[in-house]
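Reader: Please take one strand of this model and describe it closely, with its surroundings and its pairing partners.

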Amino acid sequence: MRIGVYPGTFDPITLGHMDIIRRGAKLVDRLVIGVTTNITKSPLFEDDERIEMVRGEVAALGGDIRVVGFNSLLMDFAEREGAGMIVRGLRAVADFEYEYQMAGMNQQLNDRIETVFLMADVGLQPIASRLVKEIAIFGGDIHKFVTPSVRDAVVARIAEHGLLQGDR
């Protein structure tokens with residue numbers, strides 16, 4: 001069985017993430033979406049909330065897609081899942097430079113697991129979770145970047161935590 005891992009913070013999951021998930025799932029028999037916390041980021045949603053959000057978004061896709069949380073080195077997680085492939089999405093040259101370095105480091109940790117890069121759909125390339133949150137915090141409309149259920153969750157969280165900025 002070919003197993004791939006698509007790791008990320010998914011804070012929140014965007015239409016760009018969903019594009020990579022749909023396409024990545026076609027490359028493997030099972031796609032494991034690994035939801036983790038990046039220690040360099042400040043998440044809007046807790047780990048369990050992000051896991052449930054991703055599960056809700058991928059439920060209708062069908063196929064063998066699992067969503068699990070992890071808090072370890074990616075290569076250790078991939079090994080535990082039996083993966084032979086890491087799936088990563090690329091939006092721009094800046095992504096490639098970072099991802100290329102990470103792929104090289106990961107190969108040094110475990111050369112039995114390949115990293116596969118998928119180019120984001122042209123219409124989705126500008127989408128980044130960080131920017132979605134920033135737009136929402138300033139009261140902007142994020143419906144072009146996330147599904148309606150994710151939009152509602154982001155807007156509710158921003159209101160709940162009093163994060164709304166700018167002119168009201």
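Author: The model is predicted, and the part chosen here is strand β1, which pairs with strand β4 (residues 85–90) in the parallel sense over 2 bridges. Two pairs of residues can be named on this side. G4 stands opposite M85 in β4, and V5 has I86 of β4 as its bridge partner.

On β1 also lies the pairing with strand β2 (residues 30–35), again parallel, with 6 bridges. Here Y6 has I33 of β2 as its bridge partner. The connection between these two strands includes helix α1 (residues 15–25), and β1, α1 and β2 form a right-handed β-α-β unit.

As for burial, 6 of the 6 residues of β1 (residues 3–8) are buried, so the strand is largely enclosed by the rest of the structure. The cut-off behind this is a relative accessible area under 20%. Cover is found on both faces: I3, V5 and P7 are buried on one side, and G4, Y6 and G8 are buried on the other. V5, the partner of I86, is thus on one face with I3 and P7, while G4, which stands opposite M85, is on the other with Y6 and G8.

The neighbour β4 is mostly covered, with 5 of its 6 residues buried. β4 is in turn joined by 6 bridges to strand β5 (residues 114–119), and the two run parallel. In this pairing R88 has F117 of β5 as its bridge partner. Helix α4 (residues 93–109) belongs with these two strands, since β4, α4 and β5 make a right-handed β-α-β unit.

Methods:
Residues numbered from 1 in each chain as written. Predicted model: local features only at pLDDT ≥ 70, side-chain atom pairs only at ≥ 80, totals over all residues. Heavy atoms only, no water. Buried < 20%, exposed > 50% of the residue type's maximum accessible area, 1.4 Å probe, protein only. Helix = DSSP H or I, 4+ residues; strand = E, 2+ residues; numbered from the N terminus. Pairing = 2+ DSSP bridges. Right-handed = clockwise from strand over helix to strand, strands pointing away.
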